[in-house]
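Grab a coffee and work through these short exercises on aromatic rings and the residues packed around them. Try each task yourself before you read its solution.

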Amino acid sequence: MKIAIASDHGGFSLKEELKKHYAKQGLVLEDLGTHSEESCDYPLVARKMTDALLQKKADLGILICGTGIGISIAANRVRGIRAALLYNAEVARLAREHNNANIAVFGGRMQKFEDVVKYFDIFLKTEFEGGRHERRICELDEMGV
């Protein structure tokens, strides 16, 4: 499974910590940027991620900005993208199980590293349930631009 990771300046530090953590476990996260704490625009970062997913260069993604809110909004404007801001274990599970989320989103200034790892691990191991949820995913794509 290929997983991409990207952040704006507000999520840069957390992105770097996550890359190191998962590399130790043998999981390489493809870094789509940003590559410093210099101010940058989260919509452009989200676009890099959504392009990578839609072009099948990655299977799942992690996006990080200061709060996780702005970058979630930006990513979710793209048809076929389901970015979920993960703030507890139950949400992490349901984001995959019910919503088939393909991007996990975190707030680099709002969340502890340990919690982010816990939530992302749950996100990774959870399968999409399908069934009634599949219809709703299709309805979302019909709404997208």
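**Exercise 1.** Is Y22 buried or exposed?

*Solution.* Keep in mind that this is a predicted model. Start with the relative accessible area: for Y22 that's 1%. The cut-off for buried is under 20%, so Y22 is buried.

**Exercise 2.** Find out how many aromatic pairs the structure holds, and classify each one.

*Solution.* There are two aromatic pairs.

- Step one: take Y22 and F120. Their ring centres are 5.7 Å apart, with 80 degrees between the planes. Over 60 degrees counts as edge-to-face, so that's the label for Y22 and F120.
- Step two: place that pair in the fold. Y22 sits in helix α1 (residues 12–24) and F120 in helix α5 (residues 113–125), so the pair ties together parts that are 98 residues apart in sequence.
- Step three: go on to F120 and F123. Here it's 5.8 Å centre to centre and 25 degrees between the planes. Planes under 30 degrees apart count as stacked, so F120 and F123 are a stacked pair.
- Step four: check the sequence spacing of this pair. F120 and F123 are three residues apart in helix α5, which means about one helical turn separates them.

Put the pairs together and you get a cluster of Y22, F120 and F123.

**Exercise 3.** Work out what surrounds F120 and F123.

*Solution.* Check burial to begin with: F120 has 0% relative accessibility and counts as buried, and F123 is buried too, with a relative accessible area of 0%. Next, list the contacts of F120. Leaving out residues up to four places away in sequence, F120 touches I3, Y22, I62, A104 and F106. Then turn to F123: R96 lies over the face of this ring, 5.3 Å from its centre.

**Exercise 4.** Which members of the largest nonpolar core touch the most other members, and which element supplies the largest share?

*Solution.* Some background helps: nonpolar side chains in soluble globular proteins tend to be buried together. In this model the largest nonpolar core has 25 residues, and L18, L29, I62, L86, F106, F120 and F123 touch the most other members. Now sort by element: β1 (3–7), α1, β3 (60–65), α4 (89–97), β5 (103–107) and α5 each supply at least two residues. The largest share, seven residues, comes from α5. Apart from this core lies another, of 19 residues, including A6, A58, A75 and I81.

How values were computed: Residues numbered from 1 in each chain as written. Predicted model: local features only at pLDDT ≥ 70, side-chain atom pairs only at ≥ 80, totals over all residues. Heavy atoms only, no water. Phe/Tyr/Trp six-rings, centres within 6.5 Å; stacked < 30°, edge-to-face > 60°. Helix = DSSP H or I, 4+ residues; strand = E, 2+ residues; numbered from the N terminus. Buried < 20%, exposed > 50% of the residue type's maximum accessible area, 1.4 Å probe, protein only. Lys NZ or Arg CZ within 6 Å of the ring centre and 35° of its normal. Core = buried A, V, L, I, M, F, W, Y, C linked by side-chain atoms within 4.5 Å. Contact = heavy atoms within 4.5 Å.
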